[in-house]
Structure formats: structure tokens, C-alpha cells
Amino acid sequence: MNVLVINAGSSSLKYQLMNVETQEILAIGICEKVGSGDSFHKYGLGDAERLDETPLKDHDEAMALVIEALVDGPAKAVGSLSEIDAVGHRVVQGGQHYPVSTVIDEEAIEKITELSVLAPLHNPPALMGIHACRKHMPGVPMVAVFDTSFFQTLEPKAYMYPLPYELYEKHGVRKYGMHGTSHRYVSERAADVLGIPYGKARVITLHLGNGCSASAVKEGIAVDTSMGLTPLDGLMMGTRCGAIDPAIVPFVMECEGLDTNGVNNLMNKKSGLLGISGVSNDLRSVQEAAEAGNGRAALAIDMYAKAVKKYVGIYLAVMGGADGIVFTAGIGENSAMMREKILEGLEGLGIVLDAGKNALRGGERFISADDSPVKVMVIPTNEEYMIARDTFDLVSALSK
């Protein structure tokens, strides 16, 4: 089965066409700056990658262009649209309605729309992608795969906030978590690599990129995660502050004369690595500045590492230990410096890094010492495969 995976952002449409049985990637691409005058389409595999600058008014036009590229032109992947059997959509917020992925129908669209209040930056673009696909690929079954689904296994003691209970009953104020598709993939792979049945493994997963989250996965079940009602909670990130004293919010609003939109923008887009370093939200640039003697950049790196280290300790306590720790996503997979800083001083907890292994790059690998009681791994995430796999399973079940 060929599954087209769609990840729609507010001004982007990322896609990948995959044969699920063979895991072969047939096509990959992204439409960027959709809705602006300088939009472009980057697509193609390996050396055959192309970049076409073309005006794209909206996601509808972007989807039409994607389909044209898939079935025609120099980088076409299939002979006709009929060779695309299903479409899987990444949707950030599924709330409490969707503990698993679901086939997209009118009811699902209505629910995803309602849940936009919890993910105003993410669910509306996903809906634009869904509507565009339904228009240009009528009759093709489609599936929504939610970032939040993996964390619907959390117990109330893990997902509730110590606020008046009525806020949960009336408005759904609770921890939902994000990056669930990534955490699910790397925790499954970690169990395989460790040679432990997934239902018996205890894994701490660290998804570290511009957005960051940590999760505790015990016996195949997510038992805790760092992101909360929104992606703002938990770890320090590229531009997000992560967990802070809540009283800072009204204090800063009063001091700076900010309204709710202003303080929300400050915490989501002007904080984190960018806010502390004053240099960039990109760790590579911050590291270069720190190595050149920039004290604020060095502080940003130390704060980032400490925030992750704290969650490693928390999750060791929550699960009563761990069999493995996984680093994934852009920083987790590529920054040996950050991995070393995060794990520094944790030898007494059974976490022993091997500096030589940590310095190596590329692919799945152990970076802990051979005699480390807790194994540390780098596992590149593959959310697209998980979306395609869920889509395959649900669509296959429809035909039975």
C-alpha cells in the first residue's frame, strides 16, 4: 500500500509518499511560504532534488502542485493518482477524544475543528491540508494521526494540574503532551535495539529540537511527559521558555504593559535559547557564539542542558529506573556537546557515557559505555513511518 503522509503547517505543506510494506520512500517534498509571494516547492530524492519557485495562494494550490509533481514531471513517483491508496495526516491535538488514530470523516473533522482552541497554531493548518486532499483526491481514504494520542495512557495523577477541578470538567484543562508519534516510534525502536520486549522495557525518550519534550515510557505505556496543555510547558526550547513560575506571567504583563497575546508571544517566540543568548534559536549558532566567548550564549546552553537533566532524574524516579535513554530529533541526534552536558554527572544513577561513541555521527547507535547499567542511544525519529503505518492498519481494516 502506498500512503501519502501530509504534515501541514500554517505556511507549509510537507509530504512523503511511502510504500508501507517495504518502507520504501517513493517521494518527499515540501511547499514553503504558502500564501506569500515568494513561495517555493522543494522536492525529489537525493541528487534528484529540485527547487521550483512558484506562487501558491493557499494550501489548496499547494496540494494541487504536490499531486502534479507526484504523477507527472521529472520527479514523478507514480503513474497515476490511483496508485496512492491512502493519505495520513499529522494532527497535533486530538484531546481526550482520540486515544488512537482515526479514519477521517465528517465527525472527525468537526472534532479537530473544536480542538483548535487547544492548538490554534497547529490544528487549523492540519484542517487546511485535510480539506485540500479531500478536494483533489476524492474517494481516497484518509486517517488522522494525533500527536497527543500516545499520552492518553497517562493516569490522572500525571495529567491533572493542581487547579480547581472544575477547570478540567468545563474546559479540559489538563496535560495532553506533544510529539507523541515521535516518542512512540523511538521507544518502540529502543526496546528492539535493547532486545527487551516493549511490554517490559522502561525507556526515557528525549525529543530535542527547536521544540523539545521528554517522556517516560514504562512497559509500552507512556506514564509521563513534559509538555502540558500546550507545547509551551516543560523543557527550555529554541524560542519557548518551558516551565516557569506562573506568577511571572501577570508580573511581566504589568511591568511591560503586555496583553495576553503579547505575553503569549514573548513566551512562545522570544524566549528559550533565543531569549537567553540573544543570538539565535539555533543551537549551532548559539554554540559558535559561546565558543567565541559570548557569556549569554554559554548560559543558554547550560540552562538547556540542566532542564533536560532534571527530567531524566524525574523519570528515573517515576519509573523506578530505566533500561535505556533515547536522544532523538535535530539536537538530540546531532549535538554530541549537548548530549554530554545533559548526562554529565549522572554516573551515580547508572548512566555512563562513552565519549568516543558519543562523538560519532549517523544512524541508530549506542553512545553509553559497554558497562553502563542504563544504556544510552541515539535513534533518528521517523514520525512519517508511524503515520503511514497507522494509516495502513486502519485503511486495511476498512476493506475487511
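In this predicted model, the side chain of S277 has a polar atom sitting 3.5 Å from the backbone nitrogen of S280. The side chain of S277 also has a polar atom 2.7 Å from the backbone oxygen of L273. S277 itself belongs to helix α9, which runs over residues 272-277. With a relative accessible area of 4%, S277 falls under the 20% cut-off and is therefore buried. Who keeps S277 company, once residues up to four places away in sequence are set aside? The residues touching S277 are then V286, N294, R296, A297 and A300.

Moving on to helix α1, this stretch covers residues 59-71, 13 residues in total. From the first C-alpha to the last, α1 reaches 18 Å, close to the 18 Å expected at 1.5 Å a residue. Which residues of α1 are buried? They are H59, A62, M63, V66, I67, A69 and L70. Around the axis they cover an arc of only 160°, so they sit on the same side of α1. The cover over these buried residues includes the strands β1 (2-9), β2 (12-19), β3 (24-32) and β4 (40-43), along with helix α3.

The two ends of α1 have their own details. At the N-terminal end, D58 acts as a cap, with a side-chain oxygen 3.2 Å from the backbone nitrogen of D60. Just after α1, G73 takes a positive phi of about 90°.

Strand β3 also brings C31 into the picture, since C31 lies in that strand. Is C31 buried or exposed? Its relative accessible area is 0%, so C31 is buried. Leaving aside neighbours within four places in sequence, C31 is in contact with S11, S12, L13, F40, H41, L56, A62 and V66. Two of these contacts, A62 and V66, are among the buried residues of α1. As for H122, 91 residues away from C31 along the chain, its C-alpha atom is separated from that of C31 by 16 Å.

Helix α2 spans residues 106-114, and its buried residues are A108, I109 and I112. Looking down the axis of α2, these residues fall within an arc of 100°, which means that they line one face of the helix. Over on the other side of α2, E106 and E107 are exposed. What do the buried residues of α2 pack against? Their packing partners are β6 (86-91), β7 (102-103), α3 (123-136) and β8 (142-146). Helix α3 thus turns up twice, as it is also part of what covers the buried residues of α1. At the start of α2, D105 stretches a side-chain oxygen to within 3.2 Å of the backbone nitrogen of E107.

Next come the aromatic rings. How many aromatic pairs does the structure hold? There are six. In one of them, Y159 and Y168 have ring centres 6.1 Å apart and planes at 40°, so this pair counts as tilted. Both partners are tucked away: Y159 counts as buried at 12% relative accessibility, and Y168 counts as buried at 16%. Y159 and Y168 join Y165 in one aromatic cluster. There is a charged visitor too, as R174 lies over the face of Y159, at 3.7 Å from the ring centre.

Finally, a couple of backbone angles deserve a look. Most residues other than glycine have a negative phi. K33 is not a glycine, yet it has a positive phi of about 55°. Where is K33 found? K33 is in the loop between β3 and β4. With 40% relative accessibility, K33 counts as partly exposed. H179 is not a glycine either, and its phi is positive at about 60°. The loop that holds H179 runs between α5 (165-171) and α6 (180-194). H179 counts as buried, at 11% relative accessibility.

Key: Residues are numbered from 1 along each chain as its sequence is written. This is a predicted model: local features need pLDDT of at least 70, side-chain atom pairs count only at pLDDT 80 or more; totals for chains, interfaces and linings use all residues. Side-chain values use heavy atoms; hydrogens and water are left out. Buried means under 20% relative accessible area, exposed over 50%, partly exposed in between (1.4 Å probe, protein chains only). Helices (H or I, at least four residues) and strands (E, at least two) are DSSP runs, numbered from the N terminus. The arc is that of the directions from the helix axis to the C-beta atoms. Contact means heavy atoms within 4.5 Å. A polar contact is a pair of N or O atoms within 3.5 Å; within protein, one must be able to donate a hydrogen and the other to accept it, and residues adjacent in sequence count only if both atoms are side-chain atoms. The expected span of a helix is 1.5 Å times one less than its number of residues. Rings of Phe, Tyr and Trp (its six-membered ring) pair if their centres lie within 6.5 Å; planes under 30 degrees apart count as stacked, over 60 as edge-to-face and the rest as tilted. A charge sits over a ring if NZ of Lys or CZ of Arg is within 6 Å of the ring centre and within 35 degrees of the ring normal.
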